[in-house]
Amino acid sequence: MNYFTIFASKNNVDDIKVKISDVFAKGFAIEKNDNEYVIKSKALFKKYKLIIRVMSEDTDSDYFANNIPGMMGYYDNIPFEDDNLKELVLTQISVLNTVIAIESQKEINEEQMQLFTNLLSSIGGIGFLPNGTLLDDEGSVIVYPDGQSGPSDFRPHACTRKIRGQEVSSEEGEQRKNKTIAYLKEKAIPYTASLPQLPTIEACQFKNQEDIARRAVALLIVIQFACDVAQGGNIEESRDFFINMLRTYKVEDYLTSNERYFLQDSEPDVQEAINISWQYEAYWTLIWALGFVEKLNFPDEVCDCEYAIQVVSNCETFEQFYLQTVMRSQEEILDEADKIYRYHWACVDSRIKDQAAPAGMNESIVMERRRGLFWMIGHRSDEWDNMSMDT
């Protein structure tokens, strides 16, 4: 198979179907199935087939969580001859939320390459060749895989959704970033200066104390059900018990859509149960913010699950639990969010290099703590189930 990939930053993907149809209007038959297009040439002697898959961050969050960090790490490690161009490329990658992946059964010829470039130009964004060469939206080379600059006068583009979620450079953000980097240097943990600032306290949309508390209780209850599923317990008995617990604590409204589906599924998926049980670590950040945990220790060992349960189980009602909460400052929470953000980059960078995470970190712990912390600061207004994990 041969590939050409278009990455873009778009508010929505509604117009992509039209653009694909326009580019392949002459000489091709187009079949659409959900977000996949099969393009077949009608030429008598030059028949070939293309498969085009359209993915967006809204519907394919796992793809972006698994691939965009790798792409960021790949270009961060290339020895660009132009450091300013490197910053521009990394900035562009950080706001990508749309992928159009083109797969050809035969080697891509000049005619096909022109069609792909036409599609790239109509969509906007950057083109990615399998050897690592990046193209701008006119098909000109931005950078070669050895770091040599191409002829493109490249400038990054971000849709308004991503711009609203991006940092605005500030003295506060820079001080927080530099404080974290100084800590990472002290611990001999790798970092990259190109990883952006997080927003200022004023720019964040912090969850309030009650919302965090109710979310914590709802999450803990779902985690207990997930643990029963993962361990092969009596599903119906467990489901009834924990749904009753949700009602007792009056936190049903604080379940996510994924959690509701998981609770209602007659045959809940074991792997999904394992994934949810890892969210003990996200829950741990919530009860830390509520004052039940003194310190978020280095993410190399799992949290104290027994204590995590007792924090809620010792209380008969939500009101009793809530009265014990003492909310940490927004500055403390944002400081920890910045730290976990840069921990995560270090984990991803090591994974890309096929190395163990630095200082014995557990990337799964890091990701779940990031979920909880980023949710509390309202990062990009991401929902709990679809928290952005780009680095």
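**Exercise 1. Establish the strand order of the open sheet of eight strands and identify its edge strands.**

Solution. Step 1: the strands, which are DSSP runs of E of at least two residues, numbered from the N terminus, follow the order β2-β3-β4-β5-β1-β6-β7-β8 with antiparallel pairing. Two strands count as paired if DSSP finds at least two bridges between them. Step 2: β2 (28–33) and β8 (141–143) each pair on one side only and are the edge strands.

The model is predicted: local features need pLDDT of at least 70 and side-chain atom pairs count only at pLDDT 80 or more, whereas totals for chains, interfaces and linings use all residues. Residues are numbered from 1 along each chain as its sequence is written, and side-chain values use heavy atoms, with hydrogens and water left out.

**Exercise 2. Trace the pairing from β2 through β3 and β4 to β5.**

Solution. Step 1: six bridges connect β2 with β3 (residues 36–41) in the antiparallel sense. Within this pair, F28 has S41 as its bridge partner, and I30 has I39. The two strands form a hairpin with two residues between them, and D34 in the turn has a positive phi of about 55 degrees. Step 2: β3 pairs with β4 in the antiparallel sense over five bridges, where the partner of E36 is R53. Step 3: β4 and β5 run antiparallel and are joined by seven bridges; on β5, A101 is the bridge partner of R53.

**Exercise 3. Describe how β4 is enclosed and which helices pack on the sheet.**

Solution. Step 1: six of the eight residues of β4 are buried (under 20% relative accessible area, with exposed over 50% and partly exposed in between; 1.4 Å probe, protein chains only), so β4 is largely enclosed by the rest of the structure. Step 2: helices are DSSP runs of H or I of at least four residues. Helix α2 (residues 61–77) touches β1 (2–8), β4 (49–56), β5 (98–104), β6 (126–128), β7 (134–135) and β8, and its direction makes about 95 degrees with that of β4. Contact means heavy atoms within 4.5 Å; axes are lines fitted to C-alpha atoms, for helices over the stretch in contact, and angles run from 0 to 180 degrees between N-to-C directions. Step 3: helix α4 (residues 110–123) lies across β1, β2, β4, β5, β6 and β7, at about 10 degrees to β1.

**Exercise 4. Characterise the environments of H344 and A359.**

Solution. Step 1: H344 is found in helix α14 and counts as buried, at 2% relative accessibility. Apart from residues up to four places away in sequence, H344 touches E363, V366, M367, R370, M389 and T391. Step 2: A359 lies in the loop between α14 and α15 and counts as partly exposed, at 48% relative accessibility. Leaving aside neighbours within four places in sequence, A359 contacts I189, F298 and D300. A359 and D300 are 59 residues apart in sequence, with C-alpha atoms 7.9 Å apart.

**Exercise 5. Determine which helix gives the most to the lining of the second largest pocket.**

Solution. Step 1: α6 (171–186), α14 (330–352) and α15 (363–377) each supply at least two lining residues. Step 2: α14 gives the most, with six residues.
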